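Reader: I am new to this structure. Please take me through it and explain the terms as they come up.

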Amino acid sequence: MRKFGIWLLIALLGLGMGLPARAEVPPLYLTATQAEISDSDPFYDSELDIARAVWDEAGIAVYEQDPERFITGTYIIVEADGQREKAVCVALRANDGAETCYAVTVLLSSGEVALVDAFVPGERYAELQEAKGSALFWSLEDAALYHHLFMHFTDDVTCPAVPEEGDMPREEAVRRVKEIIAEGSGATEADLQALLMTAFFSEPWNTEPDNPYNTRYWSVCFVQPLHGTGGRYEEQYAVNISSPDGSVLMYYDLSEDGPANG
């Protein structure tokens, strides 16, 4: 059974998806990095009140029935007035089923609103790929950050993350996946070297206890460009393996003579 997050499917489809054209991604996001939460920041725990004031003034109603599901906060380091400052991006899905999300980024040193933004998750990912290249080749840090910022309100059961102590190292995951592909399809090292490789790490997100993806895991894909399609890629092989034990969660072979997939 195939199981990829929505963010990775968008990356594989690339920029030829037929998504509506939107404005460019605000530059503040393009240089942002993830930050640690600290209650010593002057405006720590005030960001939601500040964001609500912005939304109230704009006439955007906060969905109150399940606020923890529909309001998120991501701590980031941003460029502000030529300096790197800690901030928090508070994002809101205004009502159940709505596509458009709203975000307010607040500087934690001053309480100043650095950015007010509106986005549709899938469209924002297309915009980010216009600016930063295919998400297939983003760093693990960027993949995790942009998912937290813009894809929280999707139906993914897992989300991109960065490996921690005790997780399988990337090099070991790639070696194990190559072995799995060789055993399953007979592909050689030369066959795989002729393709482009991407490796992402994920962790559970709102998943049921008996779901096999209630674990941290690596997704390793081998893809080839689809020429003349504006940066789209086609999977040839993809494997998800659990971290740290290396058990196979998904094996997918789209090569010309590939066997059945599981």
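Author: Let us start with one pair of strands. β6 and β7 run antiparallel, joined by three bridges. Please keep in mind that this is a predicted model, in which local features need pLDDT of at least 70, side-chain atom pairs count only at pLDDT 80 or more, and totals for chains, interfaces and linings use all residues. Residues are numbered from 1 along each chain as its sequence is written, and side-chain values use heavy atoms, with hydrogens and water left out.

Reader: What makes β6 and β7 a pair?

Author: Two strands pair if DSSP finds at least two bridges between them. β6 and β7 have three bridges, so they qualify. In this pair, Pro160 stands opposite Ser202 of β7. The names come from DSSP runs numbered from the N terminus: helices are H or I runs of at least four residues, and strands are E runs of at least two.

Reader: Which other strands join this sheet, and in what order?

Author: The open sheet has five strands, ordered β6-β7-β8-β9-β10, and the pairing is antiparallel.

Reader: Why are β6 and β10 called edge strands?

Author: β6 (158-160) and β10 (248-253) each pair on one side only. On average, neighbouring strands of the sheet are turned by 25 degrees against each other, direction ignored. Axes here are lines fitted to C-alpha atoms, for helices over the stretch in contact, and angles run from 0 to 180 degrees between N-to-C directions.

Reader: How do you know that β7 pairs with β8, and β8 with β9?

Author: Seven bridges link β7 to β8, running antiparallel, and Thr198 stands opposite Cys221 in β8. Between β8 (residues 216-225) and β9 (residues 233-243) there are ten bridges, again antiparallel, and Gln224 faces Glu234 in β9. Both counts meet the rule, so both are pairs.

Reader: Which helices pack on this sheet?

Author: α6 touches β6, β7 (196-204) and β8, with its direction at about 130 degrees to that of β6. α7 (residues 170-185) lies across β7, β8, β9 and β10, at about 115 degrees to β9. Contact means heavy atoms within 4.5 Å.

Reader: Where else does α6 lie?

Author: α6 also lies across β1, β2, β3 and β5, running at about 125 degrees to β2. Those strands belong to another open sheet of five, β1-β2-β3-β4-β5, with antiparallel pairing. Its edge strands are β1 (33-34) and β5. Inside it, β3 and β4 are joined by seven bridges, one of which sets Ala91 opposite Ala103 in β4.

Reader: How are the packed helices α5 and α6 described?

Author: Two packed helices are described by the angle between their axes and the distance between the axes. For α5 and α6 the angle is about 145 degrees and the axes are 10 Å apart. α5 passes α6 in a right-handed crossing; a crossing has that name if the near helix is turned clockwise from the far one by less than a right angle, and is left-handed if anticlockwise. Pro121, Arg124, Tyr125, Leu128 and Lys132 of α5 meet Asp142, Ala143, Tyr146, His147 and Phe150 of α6.

Reader: What is the largest nonpolar core made of?

Author: A nonpolar core is a set of buried Ala, Val, Leu, Ile, Met, Phe, Trp, Tyr and Cys residues joined through side-chain atoms within 4.5 Å. The largest has 24 residues, and Tyr29, Ile76, Val78, Leu128, Tyr146, Leu149 and Phe150 touch the most other members. α6 gives the most to this core, four residues.

Reader: Why is Val116 called exposed?

Author: Buried means under 20% relative accessible area, exposed over 50%, and partly exposed in between (1.4 Å probe, protein chains only). Val116 has 52%, so it counts as exposed. Val116 sits in β5 and touches Val54 and Ala103, not counting residues up to four places away in sequence.

Reader: What makes Pro204 partly exposed?

Author: Pro204 has 28% relative accessibility, which falls between the two limits, so it is partly exposed. Pro204 is in β7, and its C-alpha atom is 9.5 Å from that of Ala161, though the two are 43 residues apart in sequence.
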